[in-house]
Amino acid sequence: MAGIKVHGAAMSTATQRVLVCLEEKGLDYELCPVNMATGEHKKQPFLSINPFGQVPGFEHGDLKLFESRAITQYITHENAQKGTNLLCQGKEMAILGVWLEVEAQKFEPVASKLNWEIVFKPMFGMQTDPAAVEENETKLAGVLDVYETRLSQSKYLGGDSFTLADLHHLPNLQLLLNHQSKKVIDARPKVAAWAADITARQTWAKVLALHKK
Ligand SMILES: N[C@@H](CCC(=O)N[C@@H](CS)C(=O)NCC(=O)O)C(=O)O
């Protein structure tokens, strides 16, 4: 799969989700930086890739995609035989599909709100809202209680091996681990062990290193 371009920013969680998937599959790609500070993502030509004006945008030949999770699904389906096997078959795939949805519908809204309040607002000179933090830490605890039960039945969310369901968590999970909300993870031993395991992947370290460049 040659000629992949990811338009985005190394600090963007949604961009990181696509990059770590490409790394797991061992694919070459070009990361084309989008200058969000100057609003490049709200202007052409970027809008021709993502009309919603958000990173990442993805190009493979004449195919243009947006929405990080749709992009990772394209990459994994097209490259089933390469790198880490991030999908499975039949009933196992059905279970994996459940956890892909759980990440997008239950984990992401709460985790991204916490990261917005605690990481990004101060970065942009805005004040963290402690009430929003408290409310979302309580919500996160409820979500992670379900994860704790799941992870006492299988090593990873989708089953016994690392899959796309785990991978999709990496960017927001990493930020949570770096700040006060880590306590919600640490209070749940299976979740804490899973989080330590998946964030220790070499592919993820490579993506984080891009951010630090
Ligand atoms: N659901 C989208 C979310 C994309 C998204 O929220 N991107 C953020 C950066 S992580 C962005 O572009 N923010 C700037 C904006 O919304 O104007 C995806 O997964 O690709």
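1. Let's start with residues 2–83. In this predicted model, that stretch is 28% helix and 21% strand, and the C-alpha atoms at its two ends are 15 Å apart. The range comes from UniProt, where an unreviewed entry lists residues 2–83 as "domain: GST N-terminal". Several of the points below fall within these residues, so it is a handy place to begin.

2. Next, have a look at the ligand. Which residues are closest to it? Of the 14 residues that surround the ligand, the closest are Lys42, Gln54, Val55, Glu67 and Ser68. Two of these, Glu67 and Ser68, get their own points further down.

3. Some side chains also offer polar atoms to the ligand. An N or O atom in the side chain of Gln54 is 2.8 Å from a ligand oxygen. For Glu67, the partner is a nitrogen atom of the ligand, 2.7 Å from an N or O atom of the side chain. In the case of Arg69, a side-chain N or O atom is 3.5 Å from an oxygen of the ligand. Taken on its own, the ligand has 500 Å² of accessible area, and the protein covers 71% of that.

4. Glu67 deserves a second look for its backbone. This residue lies in the loop between β4 (63–66) and α2. Its phi is near 70°, a positive value in a residue other than glycine. As background, most residues other than glycine have a negative phi. Is Glu67 buried, partly exposed or exposed? Glu67 counts as partly exposed because its relative accessibility is 45%, which falls between the limits of 20% and 50%.

5. Ser68 is found in helix α2, which covers residues 68–78. Why does Ser68 count as buried? Its relative accessibility is 3%, and the cut-off for buried is under 20%. Setting aside residues up to four places away in sequence, Ser68 touches Ala14, Arg17, Val18 and Pro56. Ser68 is also one of the residues closest to the ligand.

6. Two prolines are worth finding in the loop between β2 (30–33) and β3 (57–60). Pro45 lies in this loop, and the peptide bond leading to it from Gln44 is cis, with omega near 5°. Pro56 lies in the loop between β2 and β3 as well; here the cis bond runs from Val55 to Pro56, again with omega near 5°. For context, most peptide bonds are trans. Pro56 is also among the contacts of Ser68, while Val55 is one of the residues closest to the ligand.

7. What about the cysteines? The count of disulfides comes to zero. Cys32 is buried, with a relative accessible area of 13%. The closest cysteine sulfur to that of Cys32 belongs to Cys21 and is 17 Å away, so the two are too far apart for a bond. For Cys88, the closest cysteine sulfur is likewise in Cys21, at 14 Å, which is too far for a bond.

8. Finally, please visit Ile95, which lies in helix α3 (residues 90–123). With a relative accessibility of 39%, Ile95 counts as partly exposed. Leaving out neighbours within four places in sequence, Ile95 is in contact with Arg150 and Gly158. How far apart in space are Ile95 and Ala165? Their C-alpha atoms are 9.8 Å apart, although the two are 70 residues apart in sequence.

How values were computed. Residues numbered from 1 in each chain as written. Predicted model: local features only at pLDDT ≥ 70, side-chain atom pairs only at ≥ 80, totals over all residues. Heavy atoms only, no water. UniProt positions renumbered as here; feature names shortened; annotations may be inferred. Helix = DSSP H or I, 4+ residues; strand = E, 2+ residues; numbered from the N terminus. Buried < 20%, exposed > 50% of the residue type's maximum accessible area, 1.4 Å probe, protein only. Contact = heavy atoms within 4.5 Å. Near = heavy atom within 4 Å. Polar contact = N/O pair within 3.5 Å; in protein donor to acceptor, adjacent residues only side chain to side chain. Areas by Shrake-Rupley, 256 points an atom, 1.4 Å probe, with all protein chains shown as cover. Disulfide = S-S within 2.5 Å.
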